[in-house]
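Open the structure in your viewer and keep the sequence panel beside it. This tour tells you what to select at each stop and what to look for there.

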Amino acid sequence: MALTKNHIINSYFFLFIFILVWKFISNIKTGYSKESWNITEFLINYEGGFVRRGFLGEIILYIYNFTGIKPYSTIIFISISAYITLVWFFVKSFIKNGYTLFILPFVFFLGNPIITDFLIRKDVLLILIFILTIY
């Protein structure tokens, strides 16, 4: 069996997917500093006078006061679930419209938050809100 160009490209594609999943898991396993701006950006609430940016921080504070779940865990859960939802949306949309899934994991699309270690940020959540607004 001779290797064709498609076999080689598919092999590199699956290798890249494997590396992305490995980096995703290692980023989550390593964790983030609780004082890093990625985490503290979520904690801005209305008590500091930040009227436009404090809604998510207010929700996280309410969850902590009501359930006792640590804000760090809530932030990690929100960020990971938002990213997984975004991936699910694009995979579903690409399959529905007959587009190739080949470009999805690259850095100019869905691979950027994993490769640049920006997974724990509000960006993905804002993209989901934008998509929801369009629909």
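Is Asn27 buried or exposed? Select Asn27 and show its surroundings. Bear in mind that this is a predicted model. Asn27 has a relative accessible area of 11%, and buried means under 20%, so Asn27 is buried. Its place is in helix H1. Leaving aside neighbours within four places in sequence, Asn27 is in contact with Tyr32, Ile114 and Asp117. Now add Gly54 to the selection: Asn27 and Gly54 are 27 residues apart in sequence, and their C-alpha atoms are 26 Å apart in space.

**Helix H1**

Select residues 5–30, which form helix H1. With 26 residues at 1.5 Å each, H1 should span 38 Å; the C-alpha atoms at its ends are 37 Å apart, which agrees. Colour Phe13, Leu20, Phe24 and Asn27, the buried residues of H1. Look at the spacing along the helix. An α-helix has 3.6 residues a turn, so residues three or four places apart point the same way. Which elements cover the buried residues of H1? The cover includes H4 and helix H5, residues 112–115. Past the end of H1, click on Gly31, which follows the helix and has a positive phi near 85°.

**A patch on the surface**

Turn to the outside and select Leu3, Ile8, Tyr12, Leu15, Phe18, Ile19 and Trp22. Together these residues make a nonpolar surface patch of about 830 Å². Pick out Tyr12, one of the patch residues, which lies in helix H1. Its relative accessibility is 59%, and exposed means over 50%, so Tyr12 counts as exposed.

**Helix H4 and the core**

Next, select residues 71–97, which make up helix H4. How many residues of the largest nonpolar core come from H4? Start with the core as a whole: it has 25 residues, and the members that touch the most others are Tyr83, Leu86, Phe90 and Ile120. H1, helix H3 (55–67), H4 and helix H6 (123–134) each supply at least two residues of this core. H4 gives the most, with ten residues.

Zoom in on Tyr83. Not counting neighbours within four places in sequence, Tyr83 is in contact with Phe24, Leu110, Gly111, Pro113, Ile114, Leu119 and Val124. Phe24 is also one of the buried residues of H1, and Ile114 was also listed as a contact of Asn27.

Then move along H4 to Thr74, which is found in this helix. Thr74 is buried, with a relative accessible area of 8%. Apart from residues up to four places away in sequence, Thr74 touches Ile60, Ile63 and Ile69.

To check the length of H4, place a distance label between the C-alpha atoms at its ends. They are 39 Å apart, and 27 residues at 1.5 Å each should span 39 Å, which agrees. Just after H4 comes Gly98, with a positive phi of about 80°.

**The salt bridge**

For the last stop, how many salt bridges does a search of the whole structure find? The search finds one. Select Arg121 and Asp123, whose side chains meet in a salt bridge at 3.0 Å, N to O. Arg121 is buried, with a relative accessible area of 18%. Asp123 is partly exposed, with a relative accessible area of 35%.

How values were computed. Residues are numbered from 1 along each chain as its sequence is written. This is a predicted model: local features need pLDDT of at least 70, side-chain atom pairs count only at pLDDT 80 or more; totals for chains, interfaces and linings use all residues. Side-chain values use heavy atoms; hydrogens and water are left out. Helices (H or I, at least four residues) and strands (E, at least two) are DSSP runs, numbered from the N terminus. Buried means under 20% relative accessible area, exposed over 50%, partly exposed in between (1.4 Å probe, protein chains only). Contact means heavy atoms within 4.5 Å. The expected span of a helix is 1.5 Å times one less than its number of residues. A nonpolar core is a set of buried Ala, Val, Leu, Ile, Met, Phe, Trp, Tyr and Cys residues joined through side-chain atoms within 4.5 Å. Patches are made of residues with over 30% relative accessible area and no salt bridge: like charges are joined within 9 Å, nonpolar side chains (Val, Leu, Ile, Met, Phe, Trp, Tyr) within 5 Å. Accessible areas come from the Shrake-Rupley method with a 1.4 Å probe; for residues, only the protein chains shown count as cover. A salt bridge is a side-chain nitrogen of Lys or Arg within 4 Å of a carboxyl oxygen of Asp or Glu.
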